Each structure stands twice: as structure tokens, then as C-alpha cells.
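Please open the structure in your viewer and keep the sequence panel beside it, since this tour moves from one selection to the next.

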Amino acid sequence: MVRRARLRIEAINPWSAVRTAFLLGISLAATITVTFTVLYLFLTALGLFDAIDRVLGDVTGTGAVDAGISATLSLPKVLTFSLLIGIFETVVLTALAAVFAFIYNATVPVSGGLEVTLAEDS
């Protein structure tokens, strides 16, 4: 005999949705920052930025480019950019979660909510 449980989500607490989305956004921002930093350090260790500077210097005929990509991309600039992306992503994700919760709560009387059936394996 298989037991089944039918559950219906009739409302989402907007405050809980905002808190959960905010914490998810913070964790994604930390992941983005660490990923950008590791990628920058890896590409710098490979000498990719210096190679791009040399190629640009050869193409333009000016020799070594002083204001090339190595001067433009520094670790503080990469960290600042990744933090700005993380902050923007956190704000947008939190706002979208709040909007989703309000829209879901407004449409539940029409749609009946989300129904989930849980069953155990025999």
C-alpha cells in the first residue's frame, strides 16, 4: 500500500521570500567575487595580459603598450567590478523574489495554487 500526501501551496510569505532571496544573493555575490579573483590570478600567472599587450604593441607598431590591458586590469579593479556585479545581482534577486511572492499570492484565488503530491516508494 502506497501512502500519498497532497499538498497545496496557497500563499507565500513575502518577508520569508525576501530573506531567502537575500541570503541566496549574498552567497552568489561571494561566489562571483571568488570566481573573478581566481580567474584573474590564473590568467595573470599564465601571462595572458602581457601577451595581449605585446600583440597590441606589434599591431599598432608602437612597441610595448604602456596603457595596455595590464594597466587597465588590476586586481583592485577586478575586485571592485565583481563586488559591484554581486551587489547589483543581490538587489535584483531580492526585488524579484518580493515581486514574485506578491504576484503568486494575487493569482492563487484564480489558479488554486501549486499542488504537489508526495508518495513513498514501496
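**A walk along the chain**

Begin by colouring the protein chain by secondary structure, and you will find four helices and two strands. This is a predicted model, and if you follow the protein chain from its N terminus, the elements come in the order β-α-α-α-α-β. Now zoom out to view the whole protein chain: its radius of gyration is 25 Å, well over the 14 Å that the globule rule gives for 122 residues, so the chain is more spread out than a compact globule. Taken along the principal axes, the C-alpha atoms of the protein chain fill a box of roughly 75 × 35 × 25 Å.

Next, colour the protein chain by confidence, where pLDDT averages 90 and 95% of the residues score at least 70. Select residues 14–46, which form helix 1, where confidence is highest at a mean of 96, and then select residues 69–72, which form helix 3, where confidence is lowest at a mean of 80.

Then switch on the surface of the protein chain, which exposes about 8800 Å², with carbon and sulfur atoms supplying 73% of that area. How many of the 122 residues count as buried? The share that counts as buried is 20%.

For the next stop, select the charged side chains of the protein chain, where you will find 7 positive and 9 negative ones, with the centres of the two sets lying 15 Å apart.

Finally, display the contacts within the protein chain: among those between residues at least 6 apart in sequence, 82% join residues that are at least 24 apart.

Terms used. Residues are numbered from 1 along each chain as its sequence is written. Side-chain values use heavy atoms; hydrogens and water are left out. The radius of gyration is taken over C-alpha atoms; the globule rule is 2.2 Å times the number of residues to the power 0.38. Buried means under 20% relative accessible area, exposed over 50%, partly exposed in between (1.4 Å probe, protein chains only). Contact means heavy atoms within 4.5 Å. Accessible areas come from the Shrake-Rupley method with a 1.4 Å probe; for residues, only the protein chains shown count as cover. Lys and Arg count as positive and Asp and Glu as negative; His and the chain ends are not counted. The place of a charge is taken as NZ of Lys, CZ of Arg, CG of Asp or CD of Glu. pLDDT is the predictor's confidence in each residue, from 0 to 100.
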